Amino acid sequence: MQESLIGFVGNTPIFLFFVSHLFESERIKVAKKSVFSAFIIVVICILGGHIIFKLFGITFSAFRIAGGILLFAIAYNLLRAKKTHYHHPTREEHPRLFEKLEEDPEDVAIAPLGIPIFADPGTITTALSLVGKKNDPLSILLVHNNFCHNLFNNLFLFYLRRNIN
C-alpha cells in the first residue's frame with residue numbers, strides 16, 4: 001500500500017519540471033503548499049466520502065467497479081510507457097499553464113501540483129476504497145497515516161531536489 005496512494009518517486013520529476021526555475025526558498029514554499037493542498041483534499045475525501053456517496057446515490061460496489069476501471073486504465077498506460085499530456089505538458093497544448101508559470105511561479109502549488117498530480121483520481125479512489133463503506137475509525141486512521149507518510153516522502157524528496165539534479 002506504500003506506493004498505492006501517492007507515487008512520490010514518480011511525482012518528483014513532475015515537481016522538478018514546475019519549480020526548476022525558482023530559487024530554493026520559493027521551491028520550498030511550493031513544495032509545502034502543494035503537499036498541504038493534496039493532504040486537505042484527500043482527508044476531506046477520506047472523512048466525507050461516505051457522505052458524498054449518499055448525497056449522489058452512489059453505492060460502494062459501483063464506486064469500486066468504476067475505481068477499478070480507472071486504476072486499470074492508469075496502470076495500462078504506465079505499462080505501455082505512453083506519454084500523457086497530464087504528465088508531459090507542452091506549451092502548444094497548455095498555453096495558460098505556461099503563462100501562469102511565468103506570471104506567478106508559486107501559483108502552480110495548488111493546481112496542478114497539489115490537485116490533480118499529488119491528489120489525483122487514483123489516489124482518491126484508492127483512499128476511499130481502503131476506508132471502505134464501514135467508515136470505521138481504524139480504517140480511517142490506517143489510510144490517513146499511510147497517506148501522511150507518503151506525503152512526507154514527497155516533501156522529503158522535494159527537499160533533496162538539489163541533490164537529484
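The expected span of a helix is 1.5 Å times one less than its number of residues. The exercises below use this rule and others on a predicted model.

**Exercise 1.** Work out how the span of helix H8 compares with the span expected at 1.5 Å a residue.

*Solution.* Begin with the extent of the helix: H8 covers residues 137-159, which amounts to 23 residues. Next, apply the rule, which gives an expected span of 33 Å. Finally, take the distance from the first C-alpha to the last, which is 32 Å and therefore close to the expected value. Several residues of H8 are buried, among them Ile140, Phe147 and Phe158.

**Exercise 2.** Find which residue forms a salt bridge with Glu24, and explain how the two are placed in helix H3.

*Solution.* A search of the whole structure returns one salt bridge. Glu24 pairs with Arg27, and their closest N and O atoms lie 2.6 Å apart, which is within the 4 Å that the criterion requires. Because the two residues are three apart in helix H3, about one helical turn separates them. In general, an α-helix has 3.6 residues a turn, so residues three or four places apart point the same way. As for exposure, Glu24 is partly exposed, with a relative accessible area of 25%, whereas Arg27 is buried at 12%, since buried means under 20%.

**Exercise 3.** Locate the kink in helix H3 and describe what follows the helix.

*Solution.* Helix H3 runs over residues 24-56, and its kink of about 65° is centred on Gly48. Just after H3 comes Gly57, whose phi is positive, at about 70°.

Terms used: Residues are numbered from 1 along each chain as its sequence is written. This is a predicted model: local features need pLDDT of at least 70, side-chain atom pairs count only at pLDDT 80 or more; totals for chains, interfaces and linings use all residues. Side-chain values use heavy atoms; hydrogens and water are left out. The bend at a residue is the angle between axes fitted to the seven residues ending there and the seven starting there. Helices (H or I, at least four residues) and strands (E, at least two) are DSSP runs, numbered from the N terminus. Buried means under 20% relative accessible area, exposed over 50%, partly exposed in between (1.4 Å probe, protein chains only). A salt bridge is a side-chain nitrogen of Lys or Arg within 4 Å of a carboxyl oxygen of Asp or Glu.
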